[in-house]
Amino acid sequence: MTTAKDKYQKVAYYPGCALEGTAHAYNRSTQQVGKALGLDLVEVKNWNCCGAMEVKNIDPKLQTYLSSRVMAIAASEMKMDVVMAPCNGCYHNLKKAEYDLAHDPASVEVVDRLSQKAGHATYQAGQVETIHALDWIMHGIGEAGLKQRLKGSLQGLKVANYYGCMYTRPRHIFPEKDKGPGTESTSKPHFMDDLLGAAGAVNVEFPLKTACCGGAHTLSDSDTSTKLVLNILRTAEAAGAEVIATECPTCHSGLEMHQVRAEKKFNQPTKVKILYFTQLLGLALGLSPRQVGVHENISDSLGFLREKGIA
Amino acid sequence: MKSLAEIERRLDALEAAASGSGTVAAAELVELGEAVLEHWVSAKGLAPTQETREGFRLLALHRQGCTDDPSFNACRETCRELAYHHNLVTSDPQHPATPQRLLMMAMVARHLFLFVTGKMQVAALGDFCCASRPIRQQAEPQEID
């Protein structure tokens, strides 16, 4: 029988557009962590936009098609069983497409028609399993496996783990979650806590793990986004965190940009650092700050990481 | 109904204090959360429910606020964290962590306030992310997830 550990050793990698732009540090650190852990990532050939937020809100069936094309390439052309998407938006959209294609005949019809027109195989629900980078490391390596591979430690670094909204919502598109021990929780997600804890971090009690950061409204309603982010930053600090660990490029960019804006516009400075969980894991695995793209973040965490003896 | 300005003033005060009688402060923070949700429900033209869910009117009001508006579900865990912290504080008010729990509770209540007031200004807050609603689609009742 194939276990998740075997299944996740080699997966199709769908970085998505954010990881080629603002979240390049997440892309770089995810790939480097994969190498350090001995996990293979094979990038999806000729991948396209998942339909993100814009297409989804204009024509949800077109979004279903766009996401299905990524899965179709992985399944039919690359013969892969698993697609790993580190971006919460991509992960959410592929899961949503999977759900729609398993439950909505109208979506199946549209996807089939557009796939034929585009000249590729139509994706059939269940052909691949879509996972997040957290699932990939948690199930492909696990906490014990991670501990065995550590070359450094996060040395008691106090971390607030921020998962954002799209990793767990809506619950019905994540049927594998909330299945008891060993599975992820939609109300209190913990995979990031578990992995960073295994790498030596101290996870603080952070009650806004999945709270809205106003992400998509960062340009249209900046003040609301800034206030929501500021409250997340202040709460993390009040919880004792030195770092907020992220696993979503939209959240990460929002936290970094609005941290600057909150200080400039509302005179509310905060000191908490914001790093991708893959950057923190990479450092604990002995990778250099440059290898995990610390220089690509908006805020400068290098001095802090050196001071803590982590970099 | 408490005005939004009044709610914000009390949140400021409770966050600054985060001490005193844990039980009283925890109850007030839940009430402030309810008052925030009453504004949202009233703005939708509904009478705020007096029912409770899992022992909390706050959770019943959240559920009512989600009717026809799945993106309002983006504050589900925020409401549940308020209820959770209320239970933590009231089950052992003398616990040494009570001031910290009250502080966290006040900040969670503030997040609910910011999300709801933000959504009252721009109804689409949350629509683009975890609970998208196609912009060409007529509003239709949807299952709360």
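# Close-up views of a predicted model

**View 1. A cavity lined by nonpolar, polar and charged residues.** Five nonpolar, three polar and five charged residues make up the lining of the largest cavity. The structure shown here is a predicted model. A search of the whole structure turns up two cavities of 30 Å³ or more. The largest cavity holds a volume of about 90 Å³. Which residues, of the 13 that line the largest cavity, are closest to its centre? They are Pro207(A), Lys209(A) and Thr210(A), together with Glu77(B) and Glu81(B). Look for both chain letters in that list: A and B each appear. As background, rolling a probe the size of a water molecule over the atoms shows where empty space is left.

**View 2. His85(B) and its contacts.** Find helix α4 of chain B, residues 76-91. His85(B) is in this helix. Is His85(B) buried or exposed? Its relative accessibility is 6%, so it counts as buried, since the cut-off for buried is under 20%. Now set aside the neighbours within four places in sequence. His85(B) is then in contact with Arg101(B), Met104(B) and Met105(B) of chain B, and with Pro207(A) of chain A. Pro207(A) also appeared in View 1, among the residues closest to the centre of the largest cavity.

**View 3. Chain B, a chain of helices.** How many helices and strands does chain B have? The count is five helices and zero strands. Follow the sequence and the pattern reads α-α-α-α-α. Chain B has 145 residues, and 54% of them are buried. Next, take the contacts in chain B between residues at least 6 apart in sequence. Of these, 65% join residues at least 24 apart.

**View 4. Strand β1 of chain A and its two parallel partners.** Begin with β1(A), residues 10-13, and β2(A), residues 40-43. The two strands run parallel and are joined by four bridges. One bridge pairs Lys10(A) with Asp40(A) in β2(A). Between β1(A) and β2(A) the chain passes through helix α2, residues 24-37. Which hand does this β-α-β crossover have? The crossover is right-handed. Further along β1(A), Ala12(A) stands opposite Val42(A) in β2(A). β1(A) also pairs with β3(A). Here too the sense is parallel, over two bridges. In this pairing, Tyr13(A) has Met84(A) of β3(A) as its bridge partner.

**View 5. An open sheet of four strands in chain A.** Read the strand order as β6-β5-β7-β8; the pairing is parallel. Which strands stand at the edges? They are β6(A), residues 202-203, and β8(A), residues 273-276. Each has a single partner strand, so one side of each is left without a neighbour in the sheet. At one edge, β5(A) and β6(A) run parallel and share two bridges. Val159(A) has Asn203(A) in β6(A) as its bridge partner. At the other edge, four bridges join β7(A), residues 243-246, to β8(A). These strands run parallel as well. Thr246(A) stands opposite Tyr276(A) in β8(A). Helix α11, residues 249-266, completes a right-handed β-α-β unit with β7(A) and β8(A).

**View 6. Two positive phi angles in loops of chain A.** Most residues other than glycine have a negative phi. Lys79(A) has a positive one, near 55°. Where is Lys79(A) found? Its place is the loop between α4 (60-77) and β3 (82-84). Lys79(A) has a relative accessible area of 63%, so it counts as exposed, with the cut-off set at over 50%. Gln155(A) is another residue other than glycine with a positive phi, near 45°. Gln155(A) sits in the loop between α8 (142-149) and β5. Its relative accessible area is 46%, so Gln155(A) is partly exposed.

**View 7. A cis peptide bond before Pro170(A).** Most peptide bonds are trans. The bond that joins Arg169(A) and Pro170(A) is cis. Its omega is about -10°. Where in chain A is Pro170(A)? It is in the loop between β5 (158-162) and α9 (191-198).

Note on methods: Residues are numbered from 1 along each chain as its sequence is written. Chains are lettered from A and ligands numbered from 1 in the order in which they are written. This is a predicted model: local features need pLDDT of at least 70, side-chain atom pairs count only at pLDDT 80 or more; totals for chains, interfaces and linings use all residues. Side-chain values use heavy atoms; hydrogens and water are left out. Buried means under 20% relative accessible area, exposed over 50%, partly exposed in between (1.4 Å probe, protein chains only). On a 1 Å grid over the protein atoms alone, a cavity is a set of points where a 1.4 Å probe fits but cannot get out, and a pocket is an open set with protein on both sides within 12 Å along at least five of seven lines; lining residues have an atom within 4 Å of a point. Grid points are joined across faces, edges and corners, and a volume is the space filled by probe spheres set on the points. Ala, Val, Leu, Ile, Met, Phe, Trp, Tyr, Cys and Pro count as nonpolar, Asp, Glu, Lys and Arg as charged, and the others, Gly among them, as polar. Two strands pair if DSSP finds at least two bridges between them. A crossover is right-handed if, with the strands pointing away from the viewer, the path from the first strand over the helix to the second runs clockwise. Contact means heavy atoms within 4.5 Å.
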